[in-house]
Amino acid sequence: MSRNAKINALLLLVVAALAVLPLALGLGDHKEEPFAGADAEAETAITELEPDYEPWFSPLYEPPSGEIESALFALQAALGAGVLAYYFGLRRGRRQGAELAGAQGQARRDPESAPVGTGDSPAEGA
């Protein structure tokens, strides 16, 4: 197993542990909504400390239900993941293209060191 594979496996294990441990340990069982989010927690804390508090701003769009709000959040997360995947795929493709171009350039400069049967020329495939 290569070093990168070990690091990836370790990171995957850590992410899985972060997702499963709060559920397994029963964190949040004492609350009505155990995993409501930071916004709801902050709103509850503010109204307990200062009942007359008036927010400075109001949301631009207030979804009609919690399900629609969750769907919009999931859509936002999916779009962000897509942008990140595109970026990393583009970087990897450019790196592989540069390595391939370097190898082909080396083969043109020094034909004896080039691998045989790469399939680049039509005569090799026949």
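A surface patch, as the term is used here, is made of residues with over 30% relative accessible area and no salt bridge, with nonpolar side chains joined within 5 Å. In this predicted model, L60, Y61, I68, L72, L75 and L79 form such a nonpolar patch, and together they offer about 680 Å² of accessible area. One of these residues, I68, sits in helix α3, which spans residues 66-109. I68 counts as partly exposed because its relative accessibility is 34%, a value that can be read against the patch cut-off of over 30%.

It helps to set this patch against the chain as a whole. The fold contains four helices and zero strands, and the order of elements from the N terminus is α-α-α-α. Of the 126 residues in the chain, 2% are buried. The chain exposes about 11,600 Å², and 63% of that area is supplied by carbon and sulfur atoms.

Charge also gathers on the surface. D39, E43, E62 and E69 make up a patch of negative charge. Within this group, D39 belongs to helix α2, which covers residues 38-49. The relative accessibility of D39 is 67%, so D39 counts as exposed; the cut-off for that class is over 50%.

Aromatic contacts come next. A pair of aromatic rings is described by the distance of the centres and the angle of the planes. The structure holds one aromatic pair. Its members are Y87 and F88, whose ring centres lie 5.3 Å apart and whose planes meet at 65°, so the pair is edge-to-face. That label follows because planes over 60 degrees apart count as edge-to-face. Both rings belong to residues with some exposure: Y87 is partly exposed at a relative accessible area of 43%, and F88 is likewise partly exposed, at 47%.

How values were computed: Residues numbered from 1 in each chain as written. Predicted model: local features only at pLDDT ≥ 70, side-chain atom pairs only at ≥ 80, totals over all residues. Heavy atoms only, no water. Patch = residues over 30% accessible without salt bridge, like charges linked within 9 Å, V, L, I, M, F, W, Y side chains within 5 Å. Areas by Shrake-Rupley, 256 points an atom, 1.4 Å probe, with all protein chains shown as cover. Salt bridge = Lys/Arg side-chain N within 4 Å of Asp/Glu carboxyl O. Helix = DSSP H or I, 4+ residues; strand = E, 2+ residues; numbered from the N terminus. Buried < 20%, exposed > 50% of the residue type's maximum accessible area, 1.4 Å probe, protein only. Lys, Arg positive; Asp, Glu negative; His and termini not counted. Charge placed at Lys NZ, Arg CZ, Asp CG, Glu CD. Phe/Tyr/Trp six-rings, centres within 6.5 Å; stacked < 30°, edge-to-face > 60°.
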